[in-house]
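The exercises below ask the reader to work through a model with the sequence and the coordinates at hand. Each task is followed by a solution that proceeds step by step.

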Amino acid sequence: MARIPSFFSNLCFRQNPKYLPAFTPQIRNRNLSLDQFNGNSEELAQHPQNANETFAQDRIFRLNETSRLSEELMQNPQNPDEKFTQNQISSVSEIAKEISKFIRTQPRWEQTLLRDFPTLNFADPVVYNAVLKQQESNVFLSLRFYLWLRSLGGVSFDPVLCNVMFSRLVEAKAAYAAKSFLHDTRFEPEPQYLELYVRCLCENGLIDEALGVFERLKMIGYYASLDTWNLALSHCVRTSRVDAVWRLYGEMMECGIVTNVDTIGHLIRAFCLENNVAKGYELLQQVLEAGHVPDKTVFNKLISALWKNGNFGTVSAVLHNMIAKNRPPDIYTYQEIIHRLCKGRMRNEGLRIFDELKNRGYFPDRVMYTTMIRGLCRNKDLGDARKLWFEMIQNGIIPNEYTYNAFIDGLWRSGHFDEAEKLHKEMVDRGYGDTTVSYNTMINGLCLNGKVEEAQALFEEMNEKGVVRDSITYSSLIKGFCLQGKITEALHFFIELRKQGFRPSTATLTTLIEKLCEAGQVKEAETLWLDMQKSGLEPAFRSLDPIISGLSKQEQFAEALEWLGCMINNGVRPKKTTLERLIEHLSLADRSDDALYVLGYTLRWALFSSKAVAIRWWINFAERIPIT
DNA sequence: GTAGGGTTAG
């Protein structure tokens with residue numbers, strides 16, 4: 001049996017392998033003669049059990065006609081079209097329509113097509129071209145038909161047809177299918193289709209493949225249009241592939257492509273992505289001086305990057321540039337500014353700008369309201385958050401998943417259980433309840449408020465509803481159980497988190513270690529710390545504080561001092577209380593040498609930071625040290 | 001003519 005290309009079988013037969021086409025011996029003899037055809041038709045006439053006899057007869061007549069046309073065509077391959085009258089061509093297209101309808105409506109057409117059209121020569125280019133033409137609206141069906149023909153074996157496809165098939169795939173933006181098609185057929189597409197292929201690959205995020213095709217185009221000496229280069233650059237930027245941006249730009253230069261302001265815009269964005277904001281800003285100045293103004297997105301990204309770097313002065317300069325160059329800041333610009341202000345504890349400033357915008361006649365959209373509500377919630381300013389919530393609804397903006405979660409999170413953080421639960425119910429009713437984030441928000445909120453059992457119930461519900469749990473789901477529960485002092489349960493969920501292949505956050509580890517030490521399970525805490533380090537998770541040296549304190553309490557001084565050394569050697573200062581406790585226990589246990597050693601370190605550090613503090617501690621500790 | 005922007009832990 002002819003091999004069916006794997007991706008094709010995946011495409012069509014994944015659900016039911018029995019759909020694989022079965023080939024009858026008849027198929028191998030593809031060029032059926034008219035005699036055979038007539039024989040079949042007679043047979044059909046003699047056995048009228050066919051449910052739709054008239055239809056069958058009619059079809060047989062038309063098949064007969066097409067087959068004859070095909071044969072004529074085979075005999076005159078030089079210029080087939082001229083041999084056909086308009087009438088004959090319309091017959092071919094009619095039979096193609098017939099077949100098209102058949103393969104559209106019969107899911108298992110591969111199995112029955114040859115049986116139902118026994119005398120048709122599918123290998124005839126006129127026939128298959130006509131059928132493929134009928135499939136224009138359904139590129140996958142067309143591909144399926146094409147591959148079915150190939151699977152019959154012996155059918156040779158001309159590059160023209162391959163190009164047609166390939167161009168349809170790339171026009172339908174079916175990047176993966178086009179890629180497999182190219183791999184399977186190994187034909188050399190025409191450069192203009194390769195250019196379309198590049199675009200299609202980029203749009204599907206297959207940047208590396210696109211780079212490969214650019215390479216191929218370069219080898220055959222074909223230059224893609226500036227538009228295509230820019231499109232590729234834009235997708236590289238969107239997918240944060242800065243390396244690809246520079247590679248592409250290098251090739252553009254090599255090919256002598258004349259760039260435009262869009263190209264420069266992408267480069268500025270690339271500079272922002274690699275946190276080389278100064279360079280990005282410099283490039284903006286250059287392009288502005290040359291009299292070109294990039295897209296607003298470029299300005300917005302630059303503002304965002306500058307803000308991240310704390311270059312507020314330059315942010316202001318860019319805003320002024322925007323106004324001067326007739327690209328006034330838009331809703332995205334202001335949203336970015338408010339977002340940054342709210343993130344960076346300048347929430348009052350954020351609210352001021354938000355109000356100012358409204359006063360100047362801007363209508364904040366849902367994203368802006370969400371951002372502001374979230375900022376206010378994080379500021380524990382629930383009154384203003386609630387005010388905005390109702391204002392937004394009054395303005396006709398219906399809260400979505402983001403808005404609900406932001407506000408519900410705020411309600412939980414301020415301990416407004418009832419309102420949080422009520423709003424959550426409303427959100428569920430609106431169909432926003434079944435997402436990981438909405439579950440996480442609720443689980444985290446319940447945990448923060450000591451309702452860890454209810455949180456666990458939601459955790460189970462996620463499984464029932466098929467909502468994916470992520471590391472945040474587990475982290476929230478672990479923290480919840482730790483807050484309740486339920487270390488066994490916390491450890492259970494920690495093990496689950498690891499089993500699922502998630503990396504616990506430093507904070508989760510710190511909490512767990514702290515709680516283990518508090519419960520007197522210092523050994524377990526040590527093991528956990530070491531295990532995490534072994535698996536490359538870099539637990540915080542800060543979380544050694546509770547371990548040292550715990551060991552001091554248990555009078556395991558050698559280990560406590562060893563951990564202390566580890567902390568100091570890694571440049572992390574132990575907490576005051578850790579040192580105090582260690583010195584205290586050391587002196588109580590008559591280990592004055594060690595106590596003095598730790599004290600010496602404490603003082604050296606204390607002197608370094610503040611003389612007054614050092615003296616106070618010296619007096620404090622000196623009193624407790626027994627002089628022998 | 002269009003897209004771009006915002007959620008949960010720490």
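A polar contact is a pair of N or O atoms within 3.5 Å; within protein, one atom must be able to donate a hydrogen and the other to accept it, and residues adjacent in sequence count only if both atoms are side-chain atoms. This is a predicted model, in which local features need pLDDT of at least 70 and side-chain atom pairs count only at pLDDT 80 or more, while totals for chains, interfaces and linings use all residues. Residues are numbered from 1 along each chain as its sequence is written, chains are lettered from A and ligands numbered from 1 in the order in which they are written, and side-chain values use heavy atoms, with hydrogens and water left out.

**Exercise 1.** Find which polar side-chain atoms lie by a phosphate oxygen or a base oxygen of DNA strand B.

Solution. Begin with the phosphate: a polar side-chain atom of Arg374 is 2.3 Å from one of the phosphate oxygens of DNA strand B. Turn next to the bases, where a polar side-chain atom of Asn440 lies 2.6 Å from a base oxygen. The elements that give two or more residues to the surface near the strand (near meaning a heavy atom within 4 Å) are helices H17, H19, H21, H23, H25 and H27, helices being DSSP runs of H or I with at least four residues, numbered from the N terminus. Helix H23 contributes the largest share, 6 residues. Finally, of the strand atoms within 4 Å of the protein, 40% belong to sugar or phosphate and the rest to bases.

**Exercise 2.** Determine whether Gln335 is buried or exposed, and which residues it contacts.

Solution. First locate Gln335, which is found in helix H19. Its relative accessibility is 19%, so Gln335 counts as buried; buried means under 20% relative accessible area, exposed over 50% and partly exposed in between, with a 1.4 Å probe and protein chains only. Then list its contacts (heavy atoms within 4.5 Å): leaving aside neighbours within four places in sequence, these are Val367, Met368 and Thr371. The side chains of Gln335 and Thr371 make a polar contact at 3.1 Å, and the C-alpha atoms of these two residues, 36 residues apart along the chain, are separated by 7.6 Å.

**Exercise 3.** Place Asn321 in its helix and identify what it touches.

Solution. Asn321 sits in helix H18, residues 312-324. Because its relative accessible area is 15%, Asn321 is buried. Not counting residues up to four places away in sequence, Asn321 touches Tyr281, Leu284, Gln285, Leu288 and Phe299.

Note on methods
Helix = DSSP H or I, 4+ residues; strand = E, 2+ residues; numbered from the N terminus.
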